[in-house]
Amino acid sequence: MSTRNVARFWECGRKIICVGRNYAEHARELKNELPTEPVLFLKPPTAYLKEGSPILVPHYSSNLHHEVELGVVVGKAGREIPQTSAMEHVAGYALCLDMTARDVQDQCKAKGLPWTLAKAFDTSCPVSDFIPKERIPDPAGVELWLKVNSVTRQRGSTAQMIFSVPYLISYISGVMALEEGDLILTGTPKGVGAVHEHDELQAGIDGVINMTFKVGRRASEHN
Ligand SMILES: O=C([O-])CC(=O)C(=O)O
Ligand SMILES: [Mg+2]
């Protein structure tokens, strides 16, 4: 690990574990069935993006979507963590965007292929500064919002999650070891939609944090 300071979790080189379909209204808006167990996928550490740098539309997508999500930063490693002690493994939180190439994801779903191209490209995980655990006393009572060019697109409460933060920590740690500096994206509420080059995304957690990202396009490295 490049640093042991989880307050700079995006520099730790650890994994990003994402939960999908954790809000019923979002699952319905994409015509997906409600999950009976968490749907998991991964982003690599190269997906991280901090404020000041643009979200880059992948060259192979023409329908990039925003998904605002609560991120949980792991502070203590563990495997097969019981729900009752799960919160002891939380160092804090971050506001996160799970940028998704929706057209590519639709093709992957139709072909029964993994979502890597749709979810794991460079800049697909814009994150806020670290939010210490004390700032969010209850992860089931967080209001998330996202605006595109000052128009509200998403507003939802983590109270609507199908699987709670302790359940997710317990479930995920039964599949893969959680390590200090890992980030768990807990799923998006309804209202996802397209963004385009030059758009400005603002997202926030009421009373806690907000962040701004611009959308750009990577200049080709081949010509
Ligand atoms: O792409 C999707 O709809 C799954 C997902 O990440 C979410 O629900 O947050
Ligand atoms: Mg998501």
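Is Gln-83 buried, partly exposed or exposed, and what is its relative accessible area? Select Gln-83 to begin: this residue is partly exposed, with a relative accessible area of 40%. Please keep in mind throughout that the model is predicted.

**Stop 1: Gln-83**

With Gln-83 still selected, show the backbone on either side of it. You are in the loop that links strand E6 (68–74) to strand E7 (90–97). Now add Pro-189 to the selection and draw a distance between the two C-alpha atoms. It should read 23 Å, for a pair that lies 106 residues apart along the chain.

**Stop 2: the magnesium ion**

Next, pick ligand 2, the magnesium ion, and show the side chains of Glu-67, Glu-69 and Asp-98. These three residues are the protein donors of the ion, at 2.0 to 2.1 Å from it. The two glutamates contribute OE atoms, while the aspartate contributes an OD atom. If you follow the donors along the chain, their spacing reads E-x1-E-x28-D.

Colour the two glutamates by accessibility while you are here. Glu-67 has a relative accessible area of 4% and is buried, because the cut-off for that class is under 20%. Glu-69 is buried as well, at 1%.

**Stop 3: ligand 1**

Keep Asp-98 on screen and select ligand 1. Which residues are closest to this ligand? Of the 14 residues that surround ligand 1, the closest are Arg-21, His-26, Asp-98, Gln-105 and Lys-119. Asp-98 is thus in this list and also among the donors of the magnesium ion.

Three polar contacts are worth drawing as dashed lines:

- Arg-21: a backbone N or O atom of this residue is 2.7 Å from an oxygen atom of ligand 1.
- His-26: an N or O atom in its side chain lies 2.8 Å from an oxygen atom of ligand 1.
- Lys-119: a polar atom of its side chain is 2.8 Å from an oxygen atom of ligand 1.

Now switch on a surface. On its own, ligand 1 has 260 Å² of accessible area, and the protein covers 100% of it. The place that ligand 1 occupies is the largest cavity. Turn to the cartoon view and highlight strand E1 (16–20) and helix H2 (102–111), the elements that give two or more residues to the shell around ligand 1.

**Stop 4: Arg-21 again, then Ser-150**

Go back to Arg-21 and look at its backbone this time. The residue belongs to the loop between E1 and helix H1 (24–29). Its phi is positive, about 55°, although Arg-21 is not a glycine.

For another positive phi in a residue other than glycine, select Ser-150, where the value is near 75°. You will find Ser-150 in the loop from strand E11 (143–148) to strand E12 (151–157). This serine is exposed, at 55% relative accessible area.

**Stop 5: Ser-61**

Another serine comes next. Ser-61 is part of the loop between strand E4 (55–57) and strand E5 (64–66), and it is buried, with a relative accessible area of 5%. What does its side chain reach, and at what distance? One partner is the backbone nitrogen of Asn-63, at 3.2 Å. Show Asp-103 too: its side chain makes a polar contact of 2.8 Å with the side chain of Ser-61.

**Stop 6: Arg-14**

Move to the segment before E1 and select Arg-14. This arginine counts as partly exposed, at 21% relative accessibility. Its side chain has a polar contact of 3.3 Å with the side chain of Glu-179. In addition, a polar atom of the Arg-14 side chain lies 3.1 Å from the backbone oxygen of Glu-180. For a longer view, add Asp-199: the C-alpha atoms of Arg-14 and Asp-199 are 29 Å apart, with a sequence separation of 185 residues.

**Stop 7: Gly-187**

Finish at Gly-187, in the loop that runs between strand E13 (183–185) and strand E14 (193–195). Is this glycine buried or exposed? Gly-187 is buried, with a relative accessible area of 1%. For a last distance, bring in Pro-126: its C-alpha is 14 Å from that of Gly-187, and the two residues are 61 apart in sequence.

Technical notes. Residues numbered from 1 in each chain as written. Chains lettered and ligands numbered in written order. Predicted model: local features only at pLDDT ≥ 70, side-chain atom pairs only at ≥ 80, totals over all residues. Heavy atoms only, no water. Donors = N, O, S within 2.8 Å, 3.2 Å for Na, K, Ca; no water. Buried < 20%, exposed > 50% of the residue type's maximum accessible area, 1.4 Å probe, protein only. Near = heavy atom within 4 Å. Polar contact = N/O pair within 3.5 Å; in protein donor to acceptor, adjacent residues only side chain to side chain. Areas by Shrake-Rupley, 256 points an atom, 1.4 Å probe, with all protein chains shown as cover. 1 Å grid on protein atoms, 1.4 Å probe; cavity = no way out; pocket = protein on both sides within 12 Å on 5 of 7 lines; lining within 4 Å. Sits in = over half its atoms within 2 Å of the grid points. Helix = DSSP H or I, 4+ residues; strand = E, 2+ residues; numbered from the N terminus.
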